[in-house]
Amino acid sequence: MAQGVFVVTEQRDGAFRKVSFEAVSEARRIADSLGTDVTAVVLGSGVEDLAGELEKYGPDKILVADDAALADYTTDAYSNVLADLVASVDPAVILMGATIQGKDLSARLAARLDAGLAMDCTAVKVSDGKLTCTRPMFGGKIFADVQIEGELQIVVIRPNVMEISENAKQCVVEKPAVQVGEVKTAIVDKNIDTGDKIELTEADIVVSGGRGTGGDFAVIEQLAAALGGAVGASRSVVDEGWRPHSDQVGQTGKVVSPVLYVACGISGAIQHLAGMSTSKYIVAINKDPEAPIFSKADLGVVGDLFDVVPAVTEEVKKIRG
Amino acid sequence: MEIVVLVKQVPDTESLIEIADDGVSIKTQDIKWVMNPYDEIAVEEALQIRDAQSGSVTVVSMGPAKAAETIRTALAMGADKGVHINDPAAEGSDPLATARILAAALKELPFDLIIAGHRAVDEDNYQVASAVAEFLGIPQISMVIKTEMADGRIRCHRTIDGGTVVVEAALPALFTTQRGLNEPRYASLPGIMKAKKKPMAVKTIAELGIDPATVGAANRKIRVAALNFPPQREAVRMVEGEAAADKAAELVKVLHEEAKII
Ligand SMILES: Cc1cc2nc3c(=O)[nH]c(=O)nc-3n(C[C@H](O)[C@H](O)[C@H](O)COP(=O)(O)OP(=O)(O)OC[C@H]3O[C@@H](n4cnc5c(N)ncnc54)[C@H](O)[C@@H]3O)c2cc1C
Ligand SMILES: Nc1ncnc2c1ncn2[C@@H]1O[C@H](COP(=O)(O)O)[C@@H](O)[C@H]1O
């Protein structure tokens with residue numbers, strides 16, 4: 001009988017993605033409701049020392065799949081290794097984060113294992129031993145409560161939504177033998193953002209600029225820096241070539257769920273809302289009092305962003321020193 | 001180069017989505033249906049690769065009768081032929097069943113390259129393309145923003161969190177599109193006229209060797225228990241004040257002292 005919760009964590013260059021801690025914490029909560037245990041898996045090369053970082057979130061067991069062929073993510077190598085590990089553990093639930101890697105990997109794995117998968121979930125509830133997952137659809141216009149049929153349920157969680165909680169258990173770390181199998185893709189080049197840029201989908205605070213910036217993002221960047229947040233953009237801004245595609249928030253861009261989202265000079269088109277409506281707190285700064293963004297915000301300021309945003313930055317600096 | 005593009009018809013992103021009386025499906029009558037935006041990018045990329053390499057572009061879509069419009073749109077953009085899987089037994093299929101049916105259709109076609117969208121903006125499943133690749137036993141490269149072809153291999157620049165990587169695979173392979181790959185062309189009037197004469201095969205799932213008892217709404221692995229509207233936010237609170245500095249001070253005060261965010 002399949003049982004237990006199996007969490008697939010994600011690390012890059014020896015650092016866990018934040019959603020990995022969210023996933024292990026959520027796995028612990030689910031496993032406690034089901035009266036079962038949590039196995040967390042770490043994949044990579046030279047990652048054995050990382051396992052310890054997961055222990056405080058409460059797994060019963062950590063499997064470290066360590067192999068030179070897992071140094072960089074490829075769908076083939078990672079799904080081959082995971083399919084083997086899942087076969088040996090035989091879990092009832094697999095949990096992972098809906099990062100770019102997590103979406104790619106979970107979808108391939110679900111097909112391999114013929115298992116139902118709920119993608120990009122914002123909540124998981126357990127009742128009578130059954131999971132009900134909430135997932136936004138239609139760009140967040142609808143929230144669906146779904147249940148997964150079958151022995152194995154794969155739940156992929158939206159980053160930055162679920163709570164990280166510490167709950168250490170007696171934990172064993174194992175290093176199973178790894179079979180990478182046939183790999184039909186090769187990474188021939190990498191271009192990783194350098195510096196201390198905060199990844200948009202992980203940031204607690206996102207300050208986004210729209211067409212209202214006229215392409216001048218200096219004030220947006222300064223506020224983001226003062227708040228320790230990341231910079232996002234509307235599609236118009238990306239279409240103008242003012243910011244890279246990787247900054248785009250929305251239905252055809254990234255989905256972000258920060259604690260605070262500050263929309264500056266963004267009108268609030270439905271496709272933009274699709275990417276940020278699950279943010280916990282939304283502030284809109286716009287010179288047009290009729291801008292639709294105000295109807296989706298918690299707090300609104302009518303004014304010219306070139307006056308308001310620098311003033312906000314000053315006030316933030318007073319608090320943050 | 002034989003290229004197959006998977007296209008899905010979805011509600012226009014501007015559409016108002018309403019929950020039907022059954023509580024588990026949406027009202028479809030007032031929706032304007034369009035090609036999934038990521039699939040437009042897929043069609044455009046296929047056309048560009050075909051024009052550089054020669055070969056043909058086949059568009060495959062599963063959906064009800066009206067999905068033929070989306071295939072026609074792709075043909076009008078310049079694709080060569082279409083395959084429409086139209087079968088009531090397939091309606092309501094989950095991503096895995098959809099992928100199984102699409103993979104069965106692909107097995108009947110010659111292909112070197114399959115291009116799909118990385119997600120359809122209806123259910124936002126992000127699954128069908130990967131599952132098709134798995135069922136066909138071919139490699140997948142997702143969220144591609146640039147492609148290069150050389151010696152029977154494809155090289156794709158793909159987005160990852162925090163950067164890009166260049167991934168190479170031998171053909172046949174599947175990749176999914178991301179914004180930034182290209183700007184999809186509009187169908188021209190002559191294109192629309194020509195599309196009417198282009199071949200479009202219509203298939204049932206039985207013709208593809210799929211048992212209707214294994215797919216469709218009754219066999220979903222993902223069962224919708226309820227659809228809801230997103231939780232409503234409280235009405236916006238507008239920050240008052242004369243000068244920008246006053247408003248800024250008030251805004252930060254609320255964020256700091258009440259919301260306790262900063
Ligand atoms: C299929 C499809 C997918 C799409 N996907 C996305 C997506 O993923 N993300 C996305 O963002 N959009 C997306 N869009 C585009 C979307 O419809 C809007 O066009 C876009 O979001 C508008 O960007 P904006 O708010 O920056 O610009 P605008 O709508 O032009 O708004 C600019 C705003 O700035 C305000 N403003 C101007 N000057 C100032 C100033 N000095 N100070 C303060 N305020 C000022 C104006 O009052 C206005 O409200 C998509 C569209 C389609 C059709
Ligand atoms: N019914 C379908 N017919 C053809 N292609 C589809 C269908 N459903 C999904 N796809 C393809 O798979 C991609 C991802 O869809 P999804 O997994 O539903 O988000 C889409 O962008 C299409 O390229």
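These legends walk you through several close-up views of a predicted model.

**View 1. Chain A, the whole fold before we zoom in.** Let's start with the chain as a unit: chain A contains 7 helices and 18 strands. Its radius of gyration is 21 Å, close to the 20 Å given by the globule rule for 321 residues, so chain A is as compact as a globular protein of that length. Laid along its principal axes, the C-alpha trace of chain A spans about 60 × 45 × 40 Å.

**View 2. Ligand 1 and the residues around it.** Here you can pick out the 27 residues that surround ligand 1. The closest are Arg211(A), Ser234(A), Gln248(A), Thr252(A) and Ser267(A). It is worth keeping both chains displayed for this one: residues from chains A and B surround ligand 1, so the site is shared between chains. By class, the shell around ligand 1 is made up of 16 polar, 6 nonpolar and 5 charged residues.

**View 3. Polar contacts of ligand 1.** Three side chains of chain A deserve a look in this view. In the side chain of Gln248(A), an N or O atom is 2.7 Å from an oxygen atom of ligand 1. The side chain of His272(A) also has an N or O atom facing the tape measure, 2.8 Å from an oxygen atom of ligand 1. With Asp304(A), the ligand partner is a nitrogen atom, and a polar side-chain atom of Asp304(A) lies 3.1 Å from it. On its own, ligand 1 has 990 Å² of accessible area, and the protein covers 78% of this.

**View 4. The pocket of ligand 1 and the helices that contribute to it.** Ligand 1 takes up the space of the second largest pocket. If you are tracing secondary structure around ligand 1, look for α5 (235-239), α6 (270-273) and α7 (305-320) of chain A, the elements that give two or more residues to its shell.

**View 5. Ligand 2 and its contacts with the backbone of chain B.** Now for the other ligand: 19 residues lie around ligand 2, and Leu6(B), Asp39(B), Ala120(B), Gln127(B) and Val128(B) come nearest. Follow the backbone here. A polar backbone atom of Gln127(B) is 2.7 Å from an oxygen atom of ligand 2. For Val128(B), a backbone N or O atom lies 2.7 Å from an oxygen atom of ligand 2. Gly117(B) joins in as well, with a polar backbone atom 3.0 Å from an oxygen atom of ligand 2. Taken alone, ligand 2 exposes 480 Å², of which the protein buries 98%.

**View 6. The elements that build the shell of ligand 2.** In chain B, the elements giving two or more residues to the shell around ligand 2 are β4 (56-62), α3 (95-107), β6 (113-117) and α4 (128-136). The largest share, 3 residues, comes from β4(B). Sorted by class, the shell around ligand 2 holds 10 nonpolar, 6 polar and 3 charged residues.

**View 7. Two backbone details in loops.** In chain B, the peptide bond from Leu171(B) to Pro172(B) is cis, with omega near 0°. You will find Pro172(B) in the loop between β9 (163-170) and β10 (173-177) of chain B. Over in chain A, Asp90(A) has a phi near 55°, a positive value in a residue other than glycine. Asp90(A) lies in the loop that runs between α2 (75-89) and β6 (93-97) of chain A.

How values were computed:
Residues numbered from 1 in each chain as written. Chains lettered and ligands numbered in written order. Predicted model: local features only at pLDDT ≥ 70, side-chain atom pairs only at ≥ 80, totals over all residues. Heavy atoms only, no water. Near = heavy atom within 4 Å. Polar contact = N/O pair within 3.5 Å; in protein donor to acceptor, adjacent residues only side chain to side chain. Areas by Shrake-Rupley, 256 points an atom, 1.4 Å probe, with all protein chains shown as cover. 1 Å grid on protein atoms, 1.4 Å probe; cavity = no way out; pocket = protein on both sides within 12 Å on 5 of 7 lines; lining within 4 Å. Sits in = over half its atoms within 2 Å of the grid points. Helix = DSSP H or I, 4+ residues; strand = E, 2+ residues; numbered from the N terminus. Nonpolar A, V, L, I, M, F, W, Y, C, P; charged D, E, K, R; others polar. Rg over C-alpha atoms; globule rule 2.2 N^0.38 Å.
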